Amino acid sequence: MTRVRRLRPEKLDILPHDHPDALRSRSDIVRLNGLMGQARVADATLERVGVPAPRRILDLGAGCGRTTLALAKRLHRRGWTNVDITLVDRLVGLEPHTEAAFAALGWTAHPVVADADAFLADHKGPPFDIVWTNLFLHHLEDDLPALLGAIGPVAKCF
C-alpha cells in the first residue's frame, strides 16, 4: 500500500519575512545546509557529471539565497564567472548583502518572488543551463510530477 505524504504548513510559510522567528528559522536552514554540506555535494556532482560553466542558472525555492551563494563561491573558484542566476521563492527575496556577494563573484542575481510552478509556466526565455533546488521538493505532494515536467523544457541540466 502506498501512502500519500501530507505536509503541514511550516513556520516560514505563515510568518512575515521580517518576523524574528522567520529570521531565526532561515538562519537554522542555512546552518543545516552547511552541516549537510549541500554546496559541497552540489559542486562535486556538477564536476562529476561534467557540466560546463553555465551562463544561466535557475534556483527554485531559493529562500534567502545564502546556500546558493555558498555553491556559487565554490563554482567561482573553478572559473564559473559571468553567470546570471535567477533565484525564485514564494516568500523570500535576497538580502542586499547576499546580492552584493553574488556580484563580487561576477554573478548577476535576479531575485523573483513567485511560486515555482507559476514562474516555470510563464518562462518564455531560452532554457537555463542548470536548474537546481535544495530543501524545496519535499514541500510538494501530488504536484511534484507536474513541476518536474515543467522543469524539463526550461533546463539543460537539473
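Buried means under 20% relative accessible area. With that cut-off, the buried residues of helix 4 are Thr67, Thr68, Leu69, Leu71, Ala72 and Leu75. The model shown in these views is predicted.

**Figure 1. The whole chain, with its helices and strands.** The protein chain has seven helices and four strands. Along the sequence, they follow the pattern α-α-α-β-α-β-α-β-α-β-α. The chain has 158 residues, and buried residues make up 37% of them. The views below take up parts of this chain in turn.

**Figure 2. Helix 3 and its two sides.** Helix 3 covers residues 38–49. It has 12 residues. From first C-alpha to last, helix 3 reaches 16 Å, close to the 16 Å expected at 1.5 Å a residue. Gln38, Ala39, Ala42, Asp43 and Leu46 are buried in helix 3. Seen down the helix axis, these buried residues fall within an arc of 130 degrees, so they line one face of helix 3. An α-helix has 3.6 residues a turn, so residues three or four places apart point the same way. Glu47 and Arg48 are exposed, on the other side of helix 3. Just after the helix comes Gly50, with a positive phi of about 85 degrees.

**Figure 3. Helix 4 and the turn-off at Gly79.** Helix 4 covers residues 66–77. It has 12 residues and reaches 17 Å from its first C-alpha to its last. That is close to the 16 Å expected at 1.5 Å a residue. Its buried residues include Leu69, Leu71, Ala72 and Leu75. Thr67 and Thr68 are buried too. Gly79 sits just after helix 4 and takes a positive phi of about 95 degrees.

**Figure 4. The largest nonpolar core.** This core holds 21 residues. Trp80, Ile85, Leu87, Phe102, Trp107 and Ile130 touch the most other members. Helix 3, helix 4, strand 2 (83–89), strand 3 (107–113) and strand 4 each supply at least two residues. The largest share, four residues, comes from helix 4.

**Figure 5. The cavity.** Rolling a probe the size of a water molecule over the atoms shows where empty space is left. The count comes to one cavity of 30 Å³ or more. The largest cavity has a volume of about 50 Å³. Its lining is made of Leu46, Ile57, Thr68, Leu71, Leu75, Ile85, Trp107, Ile130 and Trp132. Helix 4 and strand 4 are the elements that give two or more residues to this lining. The largest share, three residues, comes from helix 4. By class, the lining has eight nonpolar residues, one polar and no charged.

**Figure 6. The second largest pocket.** The volume of this pocket is about 230 Å³. Ala42, Thr45, Leu46, Val49 and Val51 are among its lining residues. So are Leu71, Ile130, Val131, Trp132 and Thr133. Cys157 and Phe158 also line the pocket. Helix 3 and strand 4 (130–133) each supply at least two residues of the lining. By class, the lining has 10 nonpolar, two polar and no charged residues. Leu46 and Leu71 line this pocket, and both also line the largest cavity. Ile130 and Trp132 appear in the pocket lining and in the cavity lining as well.

**Figure 7. Gly63 in its loop.** Gly63 lies in the loop between strand 1 (56–60) and helix 4. Its relative accessible area is 18%, so Gly63 is buried. Gly63 and Leu91 are 28 residues apart in sequence. In space they are 7.5 Å apart, C-alpha to C-alpha.

**Figure 8. Asn82 and its positive phi.** Asn82 is in the loop between helix 4 and strand 2. Its phi is near 55 degrees, a positive value in a residue other than glycine. Most residues other than glycine have a negative phi. Asn82 counts as exposed, at 55% relative accessibility.

**Figure 9. Ala116 in helix 6.** Ala116 lies in helix 6, which covers residues 116–122. At 10% relative accessibility, Ala116 counts as buried. Ala116 and Val88 are 28 residues apart in sequence. Their C-alpha atoms are 6.6 Å apart in space.

Note on methods: Residues numbered from 1 in each chain as written. Predicted model: local features only at pLDDT ≥ 70, side-chain atom pairs only at ≥ 80, totals over all residues. Heavy atoms only, no water. 1 Å grid on protein atoms, 1.4 Å probe; cavity = no way out; pocket = protein on both sides within 12 Å on 5 of 7 lines; lining within 4 Å. Points joined across faces, edges and corners; volume = space filled by probe spheres on them. Nonpolar A, V, L, I, M, F, W, Y, C, P; charged D, E, K, R; others polar. Expected span 1.5 Å × (residues − 1). Buried < 20%, exposed > 50% of the residue type's maximum accessible area, 1.4 Å probe, protein only. Arc of directions from axis to C-beta. Core = buried A, V, L, I, M, F, W, Y, C linked by side-chain atoms within 4.5 Å.
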